[in-house]
Amino acid sequence: MNTLFQFLPPQASTISGEVDALYFFLIGISLVFAGLICLAVVFFAIRYRRRSDDETPEEIEGSLLLELTWTIIPLLICGVIFAWGTKVFFDAVRPPATEDSIEILVTGKQWMWKLQHPDGTREINELHVPIGRPVKLTMTSEDVIHSFYIPAFRTKMDVVPGVFTSLWFEATKKGKYHLFCAEYCGTKHSEMIGWVHVMDAHEYETWLSGGVDGESAVAGGKRLFSELGCQSCHSGDSGARGPNLEGLYGTEHALESGENVTVDAKYVRESILNPLSKVSKGYTPVMPTYQGLVDEMGIMRLIAYIQSLQSQEGAEAKQ
Amino acid sequence: MSDKNYLNVSYTLKSWLLTVDHKRIGLMYLLSVTGFFMLGGIFAMLIRLELMTPVGDLLQAENYNKIFTMHGLVMIFFFLIPAVPGVLGNFLLPLMVGAKDVAFPRLNLASWYVFMAGGLITSSAVVFGGVDTGWTFYTPYSTTYANTNVAITLVGAFVTGFSSILTGINFIATVHKMRAPGLTWFRLPLFVWALYATSLIMVLATPVLAMTLVLVFVERVFGVGIFDPALGGDPVLFQHLFWFYSHPAVYIMILPSMGIISELISCFSRKRVFGYNFIAYSSIGIAFLGFLVWGHHMFLSSQSVYAAMVFSFITFLVAIPSAIKVFNWTATLYRGSISYDTPMLYALGFIGLFTIGGLTGIFLGTLGLDMHVHDTYFVVAHFHYVMVGGVIMAYLGGVHFWWPKMTGKMYPEIWARISAVIVFVGFNLTFFPQFLLGYLGMPRRYHVYPDEFQVLNVMSTAGASILGLGYLMPILYFTWSLKYGKKASANPWKAKGLEWETASPPPPHNFLETPIVEEEAYAYGPSREVQIA
């Protein structure tokens with residue numbers, strides 16, 4: 001396609017076509033309404049132009065019927081657009097529940113993207129993915145708010161310090177696609193860009209194995225768990241100073257305050273950085289904070305490790 | 001009979017700087033906002049010049065970021081918000097309701113001084129190194145990471161907000177308490193309804209901005225962790241607080257402009273506005289619903305999808321009253337007696353451009369689509385269509401329409417029509433390509449960009465130079481007209497409305513005798529006459 005007259009980015013994900021269809025529908029509606037209005041204005045302005053200086057037009061107060069018509073019809077059209085738009089949005093933010101997805105950890109920081117594949121392979125400002133498999137990104141920022149944007153996939157999500165946000169896509173076409181930061185983040189905001197490389201499955205495996213063997217997120221988390229001394233209190237022994245973490249992820253957990261909390265990524269992160277805010281039932285508030293001792297990528301690895309700790313009985317339930 | 005009008009009743013500087021005459025205050029606002037507009041325009045010119053090429057060859061990144069920040073700050077806080085209420089609202093509201101002045105004339109003067117103080121403080125931030133947070137001040141960048149003049153700018157914006165609040169109070173009191181005998185609510189000109197709805201927003205929303213700016217200041221200067229996640233704060237809380245004001249703020253900008261359009265369409269069709277009641281109620285409806293949609297700036301900020309759905313839904317609702325107005329203005333043209341004077345050219349242009357701007361707002365409110373176009377040039381194009389294609393066109397139409405009333409002089413009609421066309425063409429060439437750029441994926445606030453976006457950027461810059469010429473021309477010929485313009489009669493447009501029932505320029509206290517209103521608004525039909533007792 002001649003790039004000079006390109007109006008759409010490449011359609012390279014399962015969602016791209018849906019979003020474009022919605023876009024064309026809205027363009028169609030807009031052309032109809034804007035067209036009608038512009039035509040009416042031009043037509044009336046010419047047809048009813050002043051021909052003599054003392055013309056006095058007929059007094060027309062209004063028409064309830066017209067008001068109702070041009071209120072209700074646009075409302076109905078808006079309803080359709082709202083429903084369709086919401087459906088596309090839900091499809092775009094909810095990854096399919098499948099074992100096949102690749103989970104990538106992402107941190108944004110001024111002014112670069114750090115990405116990690118499940119097997120530990122790390123990338124900076126680039127993301128290699130295979131065609132035809134859902135890719136799920138879990139993201140956070142190390143400083144200000146950024147936004148992870150891939151126009152070819154028609155998807156973006158803000159990357160916010162202090163919380164995890166997620167984005168998913170399934171690529172459908174091989175190629176190289178722009179990755180942009182889409183939330184102003186300071187001096188080099190427009191240079192916080194990169195590429196998403198979509199390859200077929202075989203090429204992806206080759207690329208992955210050819211890279212520097214990093215440790216996987218789970219292995220990295222296990223290493224940090226030991227290095228940071230977590231093991232000493234969360235040893236799993238009875239009478240230990242911290243709760244046993246095996247099989248804990250995903251369960252409802254009781255706190256000293258009497259409330260329950262779901263052990264999810266957000267709670268684990270909070271426990272690491274601000275442990276005294278939610279003390280576990282039956283334990284004393286002695287856990288120190290790890291603020292400044294572990295970065296966001298490290299926290300994500302610890303979460304991956306804790307997720308992987310199964311209880312003695314259950315094997316596969318949590319996934 | 002005295003031939004003194006509000007302009008020549010005294011020539012001393014003191015009589016201007018200490019005036020309590022709403023008409024003089026309106027002119028003082030005119031001078032101030034024109035100056036700020038030119039400053040904001042220079043920043044725009046620098047942005048468009050830099051963006052002609054994909055690389056950063058005119059400005060360094062940090063300076064570019066300061067320029068787009070200051071373009072937004074100046075245009076929004078020092079032009080778009082104050083212009084119509086401050087210039088035309090101040091000048092016309094008492095005249096339109098048949099009063100001698102606003103309810104609180106000294107408060108009115110205070111509004112202008114507060115505005116100028118805020119302008120001075122913010123300008124000093126600009127002059128002494130600039131600020132680069134974007135006009136939206138998102139945290140934690142603005143609180144922790146930016147190392148430019150954020151604190152001074154926060155103070156400047158804080159102060160300026162009080163100018164809005166005071167004007168809003170004044171207008172509300174004036175409309176309630178100072179209407180001439182016989183002037184019931186539903187006999188008011190629609191411009192008054194628009195100013196009233198706007199004033200409600202100014203009074204209710206601006207304090208939220210003030211408080212938000214204080215919180216950012218407190219965190220930045222004293223390190224209190226309100227928005228800092230490391231201290232237990234929430235950066236997204238800032239966005240909620242900021243947009244709770246800033247969305248209603250855009251209705252502060254557009255509502256008075258819509259009021260102007262009602263006046264222009266009716267006068268230059270020589271007909272009562274079609275669906276008067278519906279337009280009046282729509283103004284109030286927009287003001288109310290406008291407070292409920294702030295989250296549509298935050299669909300992707302990490303808020304829940306259910307919150308996003310609610311905000312999207314209400315966003316569609318708020319579009320409807322605006323659509324109703326557009327349909328009613330168009331219907332007013334039907335079987336009218338239409339002339340093509342400059343104010344009408346601006347009004348007709350407004351209808352087209354505001355329709356496009358409003359429809360693209362629907363695009364942005366559609367969740368599935370916003371995921372792609374949020375934070376891209378699509379947004380930039382949308383808001384320039386409503387703010388420039390809408391507000392500024394209406395403002396210029398209004399200034400032309402009421403220029404003879406304000407100054408007693410006519411502007412040169414041929415030059416004015418030519419510049420209206422130049423503005424319309426230049427505007428579309430500048431901003432339409434930006435819709436395309438946005439959908440192609442070009443993010444906003446980018447100093448450098450991939451090569452493939454260049455052609456559309458060059459088109460946009462070319463349009464901007466034409467638009468700039470179109471704005472320069474009125475500045476020149478309005479100034480020229482003050483000395484050489486044809487003398488204007490009391491009612492050169494043969495319009496209906498109390499402001500046209502007094503001399504051009506008006507006497508110091510507006511009317512020689514209090515008007516008594518015995519007819520509906522826009523009574524262009526053959527049988528009605530205004531009785532002045």
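Is helix H12(B) mostly covered or mostly uncovered, and how many of its 24 residues are buried? The first legend below takes up this point. The model shown is predicted, so that local features need pLDDT of at least 70 and side-chain atom pairs count only at pLDDT 80 or more, while totals for chains, interfaces and linings use all residues. Residues are numbered from 1 along each chain as its sequence is written, chains are lettered from A and ligands numbered from 1 in the order in which they are written, and side-chain values use heavy atoms, with hydrogens and water left out.

**View 1. Helix H12 of chain B, residues 342-365.** H12(B) is mostly covered, with 21 of its 24 residues buried, where buried stands for under 20% relative accessible area, exposed for over 50%, and partly exposed for the range in between (1.4 Å probe, protein chains only). From its first C-alpha to its last the helix reaches 34 Å, close to the 34 Å expected at 1.5 Å a residue; the expected span is 1.5 Å times one less than the number of residues. Helices (H or I, at least four residues) and strands (E, at least two) are DSSP runs, numbered from the N terminus.

**View 2. The interface of chain A and chain B.** About 7,600 Å² is buried between chain A and chain B, 67% of it on carbon and sulfur atoms, buried area being the accessible area (1.4 Å probe) that two parts lose on being put together, summed over both. Arg50(A), Phe89(A) and Tyr184(A) supply 10% of the area that chain A buries against chain B, more than any other three residues. The contact (heavy atoms within 4.5 Å) takes 84 residues from chain A and 94 residues from chain B. Across this interface the rule finds 25 residue pairs in polar contact, both residues being at pLDDT 80 or more; a polar contact is a pair of N or O atoms within 3.5 Å, of which, within protein, one must be able to donate a hydrogen and the other to accept it, and residues adjacent in sequence count only if both atoms are side-chain atoms. On the side of chain A that touches chain B, helix H1 (16-47), helix H2 (64-93), strand E7 (155-159) and strand E9 (175-181) each supply at least two residues, and the largest share, 17 residues, comes from H2(A).

**View 3. The salt bridge between Lys494(B) and Asp53(A).** The two side chains meet at 3.7 Å, N to O, a salt bridge being a side-chain nitrogen of Lys or Arg within 4 Å of a carboxyl oxygen of Asp or Glu. Lys494(B) lies in the segment after helix H16 (454-484) of chain B and Asp53(A) in the loop between H1 and H2 of chain A, so the pair joins two chains. Both residues are exposed, Lys494(B) with a relative accessible area of 51%. Lys494(B) also has a positive phi of about 50° although it is not a glycine. Across the interface of chain A and chain B the rule finds 3 salt bridges, and the structure holds 18 over all chains.

**View 4. The salt bridge between Lys87(A) and Asp91(A).** The closest N and O atoms of this pair are 2.6 Å apart, and the two residues, 4 residues apart in helix H2 of chain A, are separated by about one helical turn. Lys87(A) is partly exposed, with a relative accessible area of 46%, and Asp91(A) counts as partly exposed at 26% relative accessibility.

**View 5. The surroundings of Arg272(B) in the loop between helix H9 (235-269) and helix H10 (276-289) of chain B.** At 12% relative accessibility, Arg272(B) counts as buried. A polar contact of 3.0 Å joins the side chains of Arg272(B) and Glu61(A). Neighbours within four places in sequence being left aside, the residues in contact with Arg272(B) include Ile60(A), Thr332(B), Glu520(B) and Tyr524(B).

**View 6. Backbone details in the loop between helix H5 (105-127) and helix H6 (141-145) of chain B, where Pro140(B) is placed.** Most residues other than glycine have a negative phi, and most peptide bonds are trans. The peptide bond from Thr139(B) to Pro140(B) is cis, with omega near -5°. Phe137(B), which lies in the loop between H5 and H6 of chain B, has a phi near 50°, a positive value in a residue other than glycine, and counts as buried at 1% relative accessibility.
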